[in-house]
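Open the model in your viewer and keep the selection tool ready. We will go stop by stop.

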Amino acid sequence: MEGPEDRGGSPAARVHEGPPAPEARVHLRVARFIMEVGVKLGMRSIPIATACTIYRKFFCETNLDAYDPFLIAMSSIYLAGKVEEQHLRARDIINVSNRYFNPSSGPLELDSRFWELRDSIVQCELLMLRVLRFQVSFQHPHKYLLHYLVSLKNWLNRNSWQRTPVAVTAWALLRDSYHRGLCLRFQAQHIAVAVLSLALQVYGVEVPAKVEAERPWWQVFSDDLTKPIINNIVSDLIQIYTIDTEIP
């Protein structure tokens, strides 16, 4: 793969040029890489989410300096395809990743360098499985968010719902949450409610009977959810956008 080879010929990204970036910035950039490569590979949203989660969970167990994060990311995509039954060829992952770093380049030749990279991805996959103790299946918030959106649409005034893109914004916030691995720290149901709550706040949409209700609307969806938990999730989401603005 064309590009910097500062870690033993692996597909290290241009993020390593210049002064080392703080870990949070590195992880955000790599998550963006996983998402963009995943979309170009035709991956569904759940496999992409699983790839991001595998990557973040691996670095919760290891040191960032010990491994090339972009090689780990490529192996995460490869492994997530198997976990979510959307199998991908290593060759396709390599070529799409190469185009990510070098947009003008064509497919790589099937030379020794290609096979070394392919072997690295496969070996890295085995390493990740051992480090993660084969626990690579996750419960994602997507199905909960879909259910909550359907319920909320029935509660809200029809004009209010059609006038504001609450659903589109909630899905975008959920996708962005995988830049920081929120699903490793919070329950899937709680994340779904939090992104929906934030989307409602963004557009100033009030849930009917909010004042008169015996309990908040979000507790109808999740009994054990509290306002501090929602605030913590929203705070982490906002932190993602803060870090993003600091990346050149």
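The tour starts with the whole chain and then moves to single helices, rings and charged pairs.

**Stop 1: the whole chain**

This is a predicted model. Colour the protein chain by secondary structure. You should find 11 helices and 0 strands. From the N terminus on, every element in the run is α. The chain has 248 residues, and 51% of them count as buried. Now think about contacts with a separation of 6 or more. Residues 24 or more positions apart account for 78% of those in this chain. Switch on the surface next. The chain exposes about 12,500 Å², and carbon and sulfur atoms supply 51% of that area.

**Stop 2: helix 1**

Select residues 23–40, which make up helix 1. Do the ends of helix 1 lie as far apart as they should, or not? Its 18 residues should span 26 Å at 1.5 Å a residue, and the end C-alpha atoms are 26 Å apart, so the two values agree.

Show the side chains. The buried residues include Val26, Leu28, Val30, Phe33, Ile34 and Val37. His27 and Arg29 are also among them. What do the buried residues pack against? Their partners are helix 2 (45–61), helix 3 (69–83), helix 4, helix 8 and helix 11 (227–246). Just past the helix, click glycine 42. Helix 1 is followed by this residue, whose phi is positive, near 80°.

**Stop 3: aromatic rings**

The whole structure holds 13 aromatic pairs. Select phenylalanine 33 and tyrosine 100. Their ring centres are 5.0 Å apart and their planes meet at 80°, so the pair is edge-to-face. The two residues are 67 positions apart in the chain, with phenylalanine 33 in helix 1 and tyrosine 100 in helix 4 (residues 90–101). Buried or exposed? Phenylalanine 33 counts as buried because its relative accessibility is 0%. Tyrosine 100 has 23%, so it is partly exposed.

Next, select tyrosine 144 and tyrosine 148. This aromatic pair is tilted, with 6.4 Å centre to centre and 35° between the planes. Both residues lie in helix 6 (residues 142–155), 4 residues apart, about one turn of the helix. Both are buried. Add Trp155, Trp217 and Phe221 to the selection. Ring pairs link these residues with Tyr144 and Tyr148 into a cluster.

**Stop 4: a nonpolar patch**

Turn the surface back on and select Leu146, Val150 and Trp171. Together they form a nonpolar patch with about 280 Å² of accessible area. Tryptophan 171 is in helix 8 (residues 166–177). Its relative accessibility is 32%, so it counts as partly exposed.

**Stop 5: salt bridges**

A search of the whole structure finds 7 salt bridges. Start with arginine 89 and aspartate 92, whose closest N and O atoms are 3.0 Å apart. Arginine 89 counts as exposed because its relative accessibility is 52%. Aspartate 92 has 28%, so it counts as partly exposed.

Move on to arginine 185 and aspartate 236. In this salt bridge the closest N and O atoms are 2.3 Å apart. The pair links distant parts of the chain: arginine 185 sits in the loop between helix 8 and helix 9 (188–202), and aspartate 236 sits in helix 11. Aspartate 236 counts as buried because its relative accessibility is 15%. Arginine 185, at 43%, counts as partly exposed.

End with aspartate 223 and arginine 215. They form a salt bridge with the closest N and O atoms 2.9 Å apart. Aspartate 223 is exposed at 60% relative accessibility. Arginine 215 is partly exposed at 40%. Finally, select Arg180 along with Arg185 and Asp236. Salt bridges that share partners join these three into one network.

Methods. Residues numbered from 1 in each chain as written. Predicted model: local features only at pLDDT ≥ 70, side-chain atom pairs only at ≥ 80, totals over all residues. Heavy atoms only, no water. Buried < 20%, exposed > 50% of the residue type's maximum accessible area, 1.4 Å probe, protein only. Contact = heavy atoms within 4.5 Å. Areas by Shrake-Rupley, 256 points an atom, 1.4 Å probe, with all protein chains shown as cover. Patch = residues over 30% accessible without salt bridge, like charges linked within 9 Å, V, L, I, M, F, W, Y side chains within 5 Å. Salt bridge = Lys/Arg side-chain N within 4 Å of Asp/Glu carboxyl O. Phe/Tyr/Trp six-rings, centres within 6.5 Å; stacked < 30°, edge-to-face > 60°. Expected span 1.5 Å × (residues − 1).
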